Amino acid sequence: MRIQLLPSTFDSQGHATLEQRLTCFLIDERVAVDAGSIALALNSEQRENVRDIIVTHPHMDHIASLPIFIDDLFPTLRSPVRVYATPEVIQLLDRDIFNWNVYPRFSELKNDYGPVMEYVPIPAGKEFKIAHLTVTAVAVNHIVPTIGLIVSDGKSTVAFSSDTSETEEFWNVINRSKGINAILIEASFPDSMAKLAEVSRHFTPASLERELRKLNHNGLDILAVHMKPAYREMIIDELKALKIPGLGVMEPGKIYNW
Ligand SMILES: [Zn+2]
Ligand SMILES: [Zn+2]
């Protein structure tokens, strides 16, 4: 499986910067997990191939450019952009974003070829297929309804925590799966901001360390994502100090193969 954390900012030469401000992972050039930077960072070929987008939760850093992505493609779409989310999240997107005030209700609009956007409700806890992938969505512990994902292409399996704090079922599903190649897990705040992390339901390196004790697999890559840009260096130093085997930091723009 080929996974890229799309960049969300670029320097004056147009090169991706290391800070992650938005969340959007691209899997095998065709399925997106979240859509923060989807309209900003896809190349033209990827833009033509991506029609399946899983939205883990409706926070702005995860959906910021989703409306713009659909708007861009509006005249040329020959099949709708499918937005996969839990029924609660679909309701929130429909009420708060695609509501004719913030942006058009694309789910009601058609171009010359047919509908341009389709909501696809996904069940929590049950396997479902998206393109060539098998996905299990698991509710995690964030401040709004949020899902983590365990994604397999039949050869390798990668888990996405999305935004979360201490949680159980996500680890149960990971521990039950036969093999796991990588976990992309959030580490939003440095240890000195544990209080804020707690109320906003995010991890710090220290709480992530406690959480990782629930993992029964070893020999896999554990890559930290979602570090608040202002504290990135501090969080990286704290993560390194943990000396957890396989724990690293995911770099925006870089292609990872598992
Ligand atoms: Zn969030
Ligand atoms: Zn977030």
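This section describes the overall build of the chain, its two sheets, and the surroundings of one central strand.

The model is predicted. The protein chain holds nine helices and 16 strands. Its C-alpha trace spans about 55 × 45 × 35 Å along the principal axes. The radius of gyration is 18 Å, and a compact globule of 258 residues would have a value near 18 Å, so the two agree. Buried residues account for 42% of the 258 residues. Contacts often link distant parts of the sequence: among those between residues at least 6 apart, 60% join residues at least 24 apart.

One sheet is open and contains seven strands in the order E8-E5-E4-E3-E2-E1-E16, with mixed pairing. Its edge strands are E8 (117–121) and E16, each of which pairs on one side only. From one strand to the next, the twist averages 25°. At the E16 edge, strand E1 (residues 2–5) runs antiparallel to E16, and three bridges join them. Within this pair, Ile-3 stands opposite Tyr-256.

The two ends of the chain also meet here. Asn-257 lies in strand E16 (residues 255–257). Its C-alpha atom is separated from that of Met-1 by 5.6 Å, although the two residues are 256 apart along the chain. Asn-257 has 8 other C-beta atoms within 10 Å. A residue counts as exposed if that number is 12 or fewer, and Asn-257 is therefore exposed.

Another open sheet of seven strands follows the order E9-E10-E11-E12-E13-E14-E15, and its pairing is mixed. Strands E9 (127–130) and E15 (247–249) form the edges, each pairing on one side only. Neighbouring strands in this sheet are turned by 25° against each other on average, direction ignored. Helix H6 packs on the sheet and touches E10 (133–139), E11 and E12. The direction of H6 makes about 145° with that of E10.

Strand E12 (residues 157–160) is covered on both faces. In a regular strand, side chains alternate between the two faces of the sheet. On one side of E12 lie Thr-157 and Ala-159, and on the other lie Val-158 and Phe-160; all four are buried.

E12 has a partner on each side in the strand order. Strand E11 (residues 147–152) runs antiparallel to E12, and four bridges join the two. One of the bridge pairs is Ser-152 with Thr-157. Four residues separate the strands of this hairpin, where Gly-154 takes a positive phi near 95°. Strand E13 (residues 182–186), by contrast, pairs with E12 in the parallel sense, over three bridges. Here Ala-159 has Ile-183 as its bridge partner, and Val-158 stands opposite Ala-182. Helix H6 (residues 169–176) joins E12 and E13 in a right-handed β-α-β unit.

Nonpolar side chains tend to be buried together in soluble globular proteins. In this model the largest nonpolar core has 74 residues. Those that touch the most other members are Phe-25, Ala-32, Ala-35, Ile-53, Val-55, Leu-149 and Leu-184. Leu-184 also has contacts with E12 residues: leaving aside residues up to four places away in sequence, Leu-184 touches Val-158 and Phe-160, along with Ser-161, Leu-223, Val-225 and Met-250.

Conventions:
Residues are numbered from 1 along each chain as its sequence is written. Chains are lettered from A and ligands numbered from 1 in the order in which they are written. This is a predicted model: local features need pLDDT of at least 70, side-chain atom pairs count only at pLDDT 80 or more; totals for chains, interfaces and linings use all residues. A residue is buried if 20 or more other C-beta atoms lie within 10 Å of its own, exposed if 12 or fewer, and partly exposed in between; C-beta atoms are placed from the backbone. Two strands pair if DSSP finds at least two bridges between them. A crossover is right-handed if, with the strands pointing away from the viewer, the path from the first strand over the helix to the second runs clockwise. Axes are lines fitted to C-alpha atoms, for helices over the stretch in contact, and angles run from 0 to 180 degrees between N-to-C directions. Two residues are in contact if their C-beta atoms, placed from the backbone, lie within 7 Å. The radius of gyration is taken over C-alpha atoms; the globule rule is 2.2 Å times the number of residues to the power 0.38. A nonpolar core is a set of buried Ala, Val, Leu, Ile, Met, Phe, Trp, Tyr and Cys residues joined through C-beta atoms within 7 Å.
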